[in-house]
Amino acid sequence: PGGQQRMERLLTPAQNELAAHDVRTGERLWRVGGDESLNPSSPLAGYYFLGAPLPWEGVLYVLAEKGTRIYLLAIDPLDGTLAWELPLSNVDREISNSPLRRIVGLTPSASGGMLVCPTGHGTIAAVDPLSRSLIWGFAYDLENASRNVFGRRGQRFQVNPDPSGRWTDASLILGENCVIATPPDSPDLYCLDLISGRLRWTTSR
């Protein structure tokens, strides 16, 4: 088993690419990411993009992972250059050893001038894109011990997800000043207050 795990890690890339195409012709306009060791000069090389970007207010917002940290990236849609980045969470294992985060597809959602981001690693974070700072953070675990764990100063925590019997859609639904979340690393459904991140209610699937 140990040898098999090491082989899987070697065969599983710890980075991928993000590309833009002309919707009329299909021509590729730009591409970022890829293997940092092969092309260290490539923009955003070494990042693993966790899902499709959210186009909002003239910027592409995408969740990405590098090393043992998850980031929110703000990318210029015209040329793929990085405008800014904000760390959201630390993880206890790299993406090459985390099959759940590789496949669920994580995309930010926007409402009320804020971005709400699932991390696929025990947390949901709200970000103010104007100040480029965290507004609130909410943590959950498999024992249903839900709690707020970080604000603008960003306390750290770790959660070990078990993908069996979990939700398969990590998309956040925003409306009526609520955030509805079905995290892939939890068996529960959560309703959070959009403004404060406070837990309103939760129920098992």
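Me: On a 1 Å grid over the protein atoms alone, a cavity is a set of points where a 1.4 Å probe fits but cannot get out. A volume is the space filled by probe spheres set on the points, which are joined across faces, edges and corners. How much space lies in the largest cavity?

Reply: About 50 Å³. The model is predicted: local features need pLDDT of at least 70, side-chain atom pairs count only at pLDDT 80 or more, and totals for chains, interfaces and linings use all residues. Residues are numbered from 1 along each chain as its sequence is written, and side-chain values use heavy atoms, leaving out hydrogens and water.

Me: What makes a residue part of the lining, and how many line the largest cavity?

Reply: A lining residue has an atom within 4 Å of a point. The largest cavity has 14 of them, and among those nearest its centre are Tyr140 and Pro183.

Me: Is Asp185 called buried or exposed, and why?

Reply: Buried means under 20% relative accessible area, exposed over 50%, and partly exposed in between (1.4 Å probe, protein chains only). Asp185 has 0%, so Asp185 is buried.

Me: What makes the link between Asp185 and Tyr140 a polar contact?

Reply: A polar contact is a pair of N or O atoms within 3.5 Å; within protein, one must be able to donate a hydrogen and the other to accept it, and residues adjacent in sequence count only if both atoms are side-chain atoms. The side chains of Asp185 and Tyr140 are joined at 2.7 Å, so the distance fits. The side chain of Asp185 also reaches the backbone nitrogen of Gly122 at 2.5 Å.

Me: How do you know whether Cys178 and Cys191 are bonded?

Reply: A disulfide is a pair of cysteine sulfur atoms within 2.5 Å. The sulfur of Cys191 is the closest to that of Cys178, at 3.8 Å, so the two are too far apart for a bond. The structure holds 0 disulfides.

Me: Why is the pairing of Arg31 with Glu17 called a salt bridge?

Reply: A salt bridge is a side-chain nitrogen of Lys or Arg within 4 Å of a carboxyl oxygen of Asp or Glu. The closest N and O atoms of Arg31 and Glu17 are 3.7 Å apart, so the pair counts.

Me: Which class of exposure do Arg24 and Asp22 fall into?

Reply: Arg24 is at 73%, so Arg24 counts as exposed. Asp22 is at 15%, so Asp22 is buried. The two form a salt bridge, with closest N and O atoms 3.3 Å apart.

Methods
On a 1 Å grid over the protein atoms alone, a cavity is a set of points where a 1.4 Å probe fits but cannot get out, and a pocket is an open set with protein on both sides within 12 Å along at least five of seven lines; lining residues have an atom within 4 Å of a point.
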